[in-house]
Every structure is written in C-alpha cells, then in structure tokens.
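Good morning, and thank you for coming. Please look at the structure on the screen, and I shall take you through several of its features in turn.

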Amino acid sequence: MYSSLSTALNARNIKFIHLEEIDSTNLYLKRLINGGERQRTVVIADYQTNGKGRSGKSFYSPQGTGLYMSVLLNPNCPFCDAVGVTTAASVAAARAIEKVCGKQVGIKWVNDLYFDSKKVCGILCEAVNDYKTATAKSVIIGVGINLSTAYFPDELKEIAGSLEVEKSLYPALAQGLADEILKIKFGAIDEAVLDEYRRRSIVLGKNVDYYINGEKRTAFAVDIDSKGGLVIKNENGEVSTLSSGEITLRLNKSL
Ligand code: BTN
C-alpha cells in the first residue's frame, strides 16, 4: 500500500516503517529514540490500540479508517526554535488534505483540524530535550486523520467527524502529509505559514473560553502571534497571549 512512499523516503535517506498495529506511533518512535535511533523516520500504523492525544487524552484510532502517522526529526536546536513546529504541523496537515482530497479544513488553535464543524485531525508534537544544553534533540510530530471512520464512541460523537476519503486516496495522502511535514523548518515560523494558519483559523474573530489555574475565562480571539500564540482581549480590553492549552469556541455568544 505504501511502497511508493517507502521508495521515495528511502531515496532521501529517510526510514519508513509501516505497522499493522501498534500501541501508538509516537510511543513507537520514542522507543526507537531511546534505543539510539538518530535517522529521520516516518512511521504509519493501520491501527493504534493506545493512540495518544494532547493533555493526556487518548486518540481514537480504529482499524483501517484513519491515517496515523508519526515523523521523527532530529533538529538538535535550541528549545525555543522547536516551539513553532506545532503551528507549522497544522498548516502542513491542512495543505496535504486540501492538495490530495480537495477538502478545505479549518484550524482550531492550537492544532486541531476541522471539517464540516467536526474535528477530523489531531496533532501531538513531542520533543526529546537535553536540558544541560537547552537543546531539542529530537522532535516527534504525530498526526491522526479520520479518513473514513463512520462510528465514534458516544463521548466523541458530537465533536469528531471524518473527511470521508476513498481508500484509494490513503497512500497519496500519506505521501502528501509526509512531504509537507518534512518541509517544516525549525526556528522562526515562516511568514507564509503564519498567514495560512491565520487564514484557516476558525477561532480568530470569535469568543473563546479557556482555563487558567482551573478557572474558566472568556475572551475575544484577536490574532496569532509570530510564535503561534493566541492573542486574546478580555471584556476589560486587556490584551494577553495564550501559548498553550485548550480553548472552547463560544460561537454567537457575547462576552
Ligand atoms: C489530539 O487530538 O489531542 C492529538 C491527537 C494525535 C494523534 C496522533 S495519531 C498518530 C500519533 N500517534 C499517537 O499516539 N498520537 C498521534
């Protein structure tokens, strides 16, 4: 299924691994890193038994109806130069989906992709850091896309959806996604990437709920800053920037 992707990656000295089943492709790569792997590697699984989401959540990864891919990069760069990867990965996934499937997806800050008002893709970026030298040695970019998942567990039914992509397109999407992710640069986020992120944002210009120390607050989403942070304005007109975390959209509600 992925033979041409494998050939294309190997020609660029990038390893490719296709697994029928794994706990999590991100965990798989972490184990490779712990075993000394230093080569760029792309791993795809048809099924994850313990797919990982952000904030300790799980990512529903049923057999054969999604693309579950993790990419291992070895930037060996200062921590601060790896921060923009999350923002760039959202744009990379959105571009690949649009190019291959012809579907326009929106980005909900930080890095969930939405189609038809449902989350169709989640991204989990993780770094292996050397704190002595303040260096991000390795970065794992894990992307899960619901391609043709028809049934979701009750707790996800309202929020999760699927792109409804033909199986024949899976290899091309995998190739497109790997290509886009491998283009990501470390350091300052590209202006073009930031502009595309803003253009695709389904959050900017809307009110959002967010939590600080467990306390719920509401603000208006104003902009995405040069580091991918969400610039918000509260009801007193005070402007601040969220750099990580979850937000909830409050569509059509005033502050
Ligand atoms: C989220 O929505 O919170 C992030 C989900 C990330 C899921 C992908 S699927 C491939 C990779 N392996 C994992 O265990 N997680 C990521």
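I begin with F152, a residue that is buried, with a relative accessible area of 13%. As this is a predicted model, please understand every value I quote as computed from predicted coordinates. The cut-off for the word "buried" is a relative accessible area under 20%, and F152 is therefore placed in that class by its 13%.

What is the partner of F152 in an aromatic pair? The structure holds 3 aromatic pairs. In one of them, F152 is joined with Y60, and the geometry is tilted: the rings are 5.9 Å apart, centre to centre, with 55 degrees between the planes. Y60 belongs to the loop between β2 (41–45) and β3 (66–73), while F152 belongs to the loop between β8 and α4 (154–157), so this pair ties together parts that are 92 residues apart in sequence. As for exposure, Y60 has a relative accessibility of 32% and therefore counts as partly exposed.

Let us turn to β3. How many of the 8 residues of β3 are buried? The count is 8 of 8, which means that the strand is largely enclosed by the rest of the structure. On one side we find G66, Y68, S70 and L72, and on the other L67, M69, V71 and L73; these are all buried, and both faces of β3 are thus covered.

β3 also has strand partners. With β2, the pairing is antiparallel and runs over 5 bridges; here T41 has L72 of β3 as its bridge partner. With β8, the pairing is again in the antiparallel sense, over 8 bridges, and G66 has N146 of β8 as its bridge partner.

My next topic is the backbone. Between W109 and V110 the peptide bond is cis, with omega near 10 degrees. V110 sits in the loop that links β5 (106–108) and β6 (112–115).

Two further residues deserve a look. S117 is not a glycine, yet its phi is positive, at about 65 degrees. Its place is the loop between β6 and β7 (118–130). A134 is not a glycine either, and its phi is positive too, at about 50 degrees. This residue is found in the loop between β7 and β8 (135–146).

Are S117 and A134 exposed, partly exposed or buried? S117 has a relative accessible area of 68% and is therefore exposed. A134, at 35% relative accessibility, counts as partly exposed.

I close with the ligand. Which of the 19 residues around the ligand come nearest? They are S24, Q48, K52, R54 and K119.

Three of these residues can be described in terms of individual atoms. In the case of Q48, a polar side-chain atom lies 2.9 Å from a nitrogen atom of the ligand. In the case of K52, a polar backbone atom is 2.7 Å from an oxygen atom of the ligand. In the case of K119, an N or O atom in the side chain is 2.5 Å from an oxygen atom of the ligand. As to the ligand's surroundings, on its own the ligand has 410 Å² of accessible area, and the protein covers 97% of that.

Thank you for your attention.

Technical notes
Residues numbered from 1 in each chain as written. Predicted model: local features only at pLDDT ≥ 70, side-chain atom pairs only at ≥ 80, totals over all residues. Heavy atoms only, no water. Helix = DSSP H or I, 4+ residues; strand = E, 2+ residues; numbered from the N terminus. Buried < 20%, exposed > 50% of the residue type's maximum accessible area, 1.4 Å probe, protein only. Phe/Tyr/Trp six-rings, centres within 6.5 Å; stacked < 30°, edge-to-face > 60°. Pairing = 2+ DSSP bridges. Near = heavy atom within 4 Å. Polar contact = N/O pair within 3.5 Å; in protein donor to acceptor, adjacent residues only side chain to side chain. Areas by Shrake-Rupley, 256 points an atom, 1.4 Å probe, with all protein chains shown as cover.
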